[in-house]
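Here's a quick look at some charged pairs and one helix packing. Have the viewer open while you read.

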Amino acid sequence: MKFQGSQNYVATQDLMLAVNAAITLKRPLLVKGEPGTGKTMLAEEVAQALDMPLLQWHIKSTTKAQQGLYEYDAVSRLRDSQLADVDGGQRVKDIHNYIVKGVLWQAFTADQPVALLIDEIDKADIEFPNDLLREIDRMEFYVYETRELIKAKHRPLVFITSNNEKELPDAFLRRCFFHYIKFPDKDTMEAIVKVHYPTLKQDLLAQALQNFYEVRDVPGLKKKPSTSEFLDWLKLLLAEDIGPEALRSKDNKSVVPPLHGALLKNEQDVHLFERLVYMSRTNR
């Protein structure tokens, strides 16, 4: 079982090596990189390429590790106990009826190997990764309410993404294979664009790439535009029928790109870029 890329996802050679290394080592693949570089999409494309079902667990600031295993719905059981005359109390007697299976439980008990995405793990509390150490490492966990040990039938292919909002514990990192998705260079970005817009004219693409990387290279930006934002910008250029001539100045100096709201997402960055364009034109 090896990942060799897909038609819908431009994977570099080192990224494919990382995926296959995680498969060989039977370790989770921890993927970091700028937002919008395709970390989440990687799991989706690998699962599709390897013909594996994909389970996704999108982490929030309030997410607890226990939710990935199971949750005991004590409130529902209490309510049903107060209405026991409805079915003679049969439902209340079986505690299994009040155990809500989490994505890890579903992944462990699936009849075939699945891919499991734990998305943006750094959004959760700092203890969240540590709380998952044993389960991810040993592929089993204990359900105290039913006194049963849940063991994985098949080891899932685990993808964990992080935007580096928090440092992850060393003990957790030791159990993962790590890969950092570098921001695409122009050649890789061109290949990505051609997947999404195969009929895009080369002169428009070349000029759009130049403008995009000029914006990204501006020193002091609070938020550099991402790959997904570049694709959104191209979609708008096509929708508004904006040609390459509108993206460049006659003197080959920087210009504020049309529809720049798809690329620059706060007023400080817009003002900074406009100021640099003005200084470029006045040679100050």
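K265 is partly exposed, at 44% relative accessible area. Keep in mind that this is a predicted model. The side chain of K265 makes a salt bridge with E229, with 3.2 Å between the closest N and O atoms. K265 sits in the loop between α11 (227-239) and α12 (267-282) while E229 belongs to helix α11, so the bridge ties together parts 36 residues apart in sequence. And E229, buried or exposed? With a relative accessibility of 8%, E229 falls under the 20% cut-off, so E229 counts as buried. That gives this bridge a partly exposed lysine and a buried glutamate.

Next up is D111 with K153, another salt bridge, at 3.1 Å from N to O. This one links distant parts of the chain, 42 residues apart. D111 is in the loop between α6 (103-109) and β5 (115-119), and K153 is in the loop between β7 (148-151) and β8 (157-162). D111 has a relative accessibility of 66%, so it counts as exposed. K153 is exposed too, its relative accessible area being 53%.

For a pair within one helix, look at E190 and K194, whose closest N and O atoms are 3.2 Å apart in their salt bridge. These two are 4 residues apart in α9, which means about one helical turn separates them. K194 is partly exposed, at 42% relative accessible area.

Here are the three bridges side by side:

| Salt bridge | N to O distance |
|---|---|
| K265 and E229 | 3.2 Å |
| D111 and K153 | 3.1 Å |
| E190 and K194 | 3.2 Å |

How many salt bridges turn up in the whole structure? The search finds 8. There is also a network of salt bridges, linking R27, D137 and R175.

Back to α9 for its packing. Helix α9 (residues 186-196) packs with helix α10 (residues 202-216) at an angle of about 130°, and their axes are 11 Å apart. That angle makes α9 oblique to α10. The crossing of α9 past α10 is right-handed.

Which residues meet there? On the α9 side they are K186, M189, E190, V193 and K194, and on the α10 side Q202, L205, L209, Q210, F212 and Y213. Sorted by class, this contact has 6 nonpolar, 2 polar and 3 charged residues. Both partners of the α9 salt bridge, E190 and K194, are among the α9 residues that meet α10.

Methods:
Residues numbered from 1 in each chain as written. Predicted model: local features only at pLDDT ≥ 70, side-chain atom pairs only at ≥ 80, totals over all residues. Heavy atoms only, no water. Axes fitted to C-alpha atoms, helices over the stretch in contact; angles between N-to-C directions. Parallel < 35°, antiparallel > 145°, perpendicular 65-115°, else oblique. Left-handed = near helix turned anticlockwise from the far one by under 90°. Contact = heavy atoms within 4.5 Å. Nonpolar A, V, L, I, M, F, W, Y, C, P; charged D, E, K, R; others polar. Salt bridge = Lys/Arg side-chain N within 4 Å of Asp/Glu carboxyl O. Buried < 20%, exposed > 50% of the residue type's maximum accessible area, 1.4 Å probe, protein only.
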